[in-house]
Amino acid sequence: MMIQEEREVRLMARVCWPYFDPEYENFSNRMNPPRVSVDNTSCHDCTLIKVDSVNKPGILLEVVQILTDLDFIITKAYISSDGGWFMDVFHVTDQQGKKITDSKTIDFVEKALGPKGQSTEGVKNWPSKRVGVHSVGDHTSIELIGRDRPGLLSEISAVLASLHFNVVAAEVWTHNRRIACVLYVSDTTTQAVDHPNRLCLMEEQLNNILRGCEDGDKVARTNFSMGFTHMDRRLHQMLFADRDYEGSGATTDADYSSSSRPKITIERCEEKGYSVVSVRCKDRAKLMFDIVCTLTDMQYVVFHATISSDAPYASQEYFIRHMDGCTLDTEGEKERVIKCIEAAIQRRVSEGVSLELCAKDRVGLLSEVTRILRENGLTVCRAGISTRGEQALNVFYVRDASGNPVDMKTMEALRKEIGKTMVVEVKRVPGNSSRAPAETRGWGKTSFFFGNLFEKFLA
């Protein structure tokens, strides 16, 4: 009898569950299309981007993602999405701290954030970094995660070169002794690497390198991604799934001293029923994206937020609830969110020295450069690899094998060695101020910051 009653209850639950037409969201967008305005008159030192639209899950991350992919610096922001409407204002500048005045860029912002950006076709045309075969032509995306060690990127690129695979784009992050990579590869005919035997051989050799002398999936994993996820978001997801935030409070990363560690607190707003996450840390590009991305992937909804930058520090406050409507009530929940946000902030930090390269793209180029770095006792803590036409554009953030800053004399000697076959620039990356001069603010850009270097190469 009890079993029959349970079945009836489950059946009633299915019958009584409200039906949501899959076209409802499109209909809502047609009836209330997003309104976007780019205002260069209200503020003397920045551009105001205002977005009003129907609220939906993940919309804040979508908007912030577009702005950061355009390499805008968000100096202030006011977010409100309580109820059925999403309203926010962003104060932004370009990488030189100037207003956004280029008409083509403004037109793109209005289209990407407006009604056309909500469609599938609009999404496909965004110049964002996405993981998957559809986003970079006919290339295969490889995801790697494992325990980091000096020279590991050199070993990975050597394997790909030996198998005649060319790396056309990649992003590499290291944090808390872990490494996560997303690489787009093609063979010498620029076709997708889709033969099962080739994929199996590649996977086997990469896993052997990542595992080293240790076994187990926790140590290393290689996946072939065919999804449609933003590259930076995917790297956050990979490291989060790898639980790199564990032990974050006692991290030994050389990039962070106790004085520069983010100050993160979580309190409860009794009046409105929110948990209030407050973050104060050194400012840098893409800071808001990293925090919003982490909260979203942890299944938290941001209802209100205020963002401000008082160089060299940033203050960000988020009013959140879990997707089930609950606040963070236990100390365990709060501690986990604090650790995850701190890890998200640390993953992209790259103080020290950057090495920017421009050369004609070819199979084995990445292997050659990383081999030279390894032979000179340097380890890569973060890297961005991209291809524009026939030219490869790479940036490496390096330290010595012990994790200490590299002497500029060593970098100058390295520049002369590598510079025999390609254009090289060495830059010292100071603190994390988003208002630092463009020449020293390399960490905020890995796909658009090669303009001057590219012009030198073509000269």
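Helices here are DSSP runs of H or I with at least four residues, strands are runs of E with at least two, and both are numbered from the N terminus. With that in hand, let's start clicking.

**Before you zoom in**

You're looking at a predicted model, where local features need pLDDT of at least 70, side-chain atom pairs count only at pLDDT 80 or more, and totals for chains, interfaces and linings use all residues. Residues are numbered from 1 along each chain as its sequence is written, and side-chain values use heavy atoms, with hydrogens and water left out.

Show the whole chain as a cartoon: its secondary structure comes to 13 helices and 18 strands. Of its 459 residues, 51% are buried, where buried means under 20% relative accessible area, exposed means over 50%, and partly exposed is in between (1.4 Å probe, protein chains only).

**Stop 1: the open sheet**

Select the open sheet of 8 strands, which has the order β1-β2-β4-β3-β13-β14-β12-β11 and antiparallel pairing. Two strands pair if DSSP finds at least two bridges between them. At the edges you'll find β1 (35-39) and β11 (263-269), each of which pairs on one side only. On average, neighbouring strands of this sheet are turned by 20° against each other, direction ignored.

Now pick β1 together with β2 (47-54). This pair is antiparallel, with 5 bridges, and Val-38 has Ile-49 in β2 as its bridge partner. On to β4: 8 bridges join β2 to β4, again antiparallel, and Val-54 stands opposite Trp-85 in β4.

How many of the 8 residues of β2 are buried? The count is 6, so β2 is largely enclosed by the rest of the structure.

**Stop 2: a loop residue**

Follow the chain out of β2 and select Asn-55, in the loop between β2 and α3 (59-69). Is Asn-55 buried, partly exposed or exposed? Its relative accessible area is 24%, so Asn-55 is partly exposed.

Next, show what Asn-55 touches: leaving out residues up to four places away in sequence, these are Ser-81, Gly-83, Gly-84, Trp-85 and Phe-86. Contact means heavy atoms within 4.5 Å. Try a distance label from Asn-55 to Phe-86: they're 31 residues apart in sequence, but 4.7 Å apart in space, C-alpha to C-alpha.

**Stop 3: helices on the sheet**

Select helix α4 (residues 103-113), which lies across β1 and β2 and runs at about 160° to β1. For angles like this one, axes are lines fitted to C-alpha atoms (for helices, over the stretch in contact), and angles run from 0 to 180 degrees between N-to-C directions.

Swing over to β12 (residues 274-282) and β14 (residues 313-322), an antiparallel pair with 8 bridges. Here Val-276 has Phe-319 in β14 as its bridge partner. Helix α9 (residues 287-297) packs on the sheet, touching β3 (73-80), β4 (85-93), β12, β13 (300-310) and β14, and its direction makes about 20° with that of β14.

Add helix α10 (residues 331-347): α9 and α10 pack at an angle of about 145°, with their axes 9 Å apart. Which residues make the contact? Look for Leu-287, Asp-290, Ile-291, Thr-294 and Leu-295 of α9, and Val-337, Cys-340, Ile-341, Ala-344 and Ile-345 of α10.

**Stop 4: α6 and α11**

Select helix α6 (residues 152-162) and helix α11 (residues 365-375), whose axes come within 8 Å and cross at roughly 150°. The two are therefore roughly antiparallel to each other; angles under 35 degrees count as roughly parallel, over 145 as roughly antiparallel, 65 to 115 as roughly perpendicular and the rest as oblique.

Show side chains for the contact: Leu-153, Ser-154, Glu-155, Ser-157, Ala-158 and Ala-161 of α6 meet Leu-366, Ser-367, Thr-370, Arg-371 and Arg-374 of α11.

Zoom in on Thr-370, in helix α11. With a relative accessible area of 3%, Thr-370 is buried. Beyond its neighbours within four places in sequence, Thr-370 is in contact with Leu-153, Ser-154, Ser-157 and Phe-396.

Widen the view: the buried residues of α11 pack against α6, β7 (165-175), β15 (352-360), β16 (378-388), β17 (391-400) and α12 (408-418). Last click: Gly-377 follows α11, and its phi is positive, near 75°.
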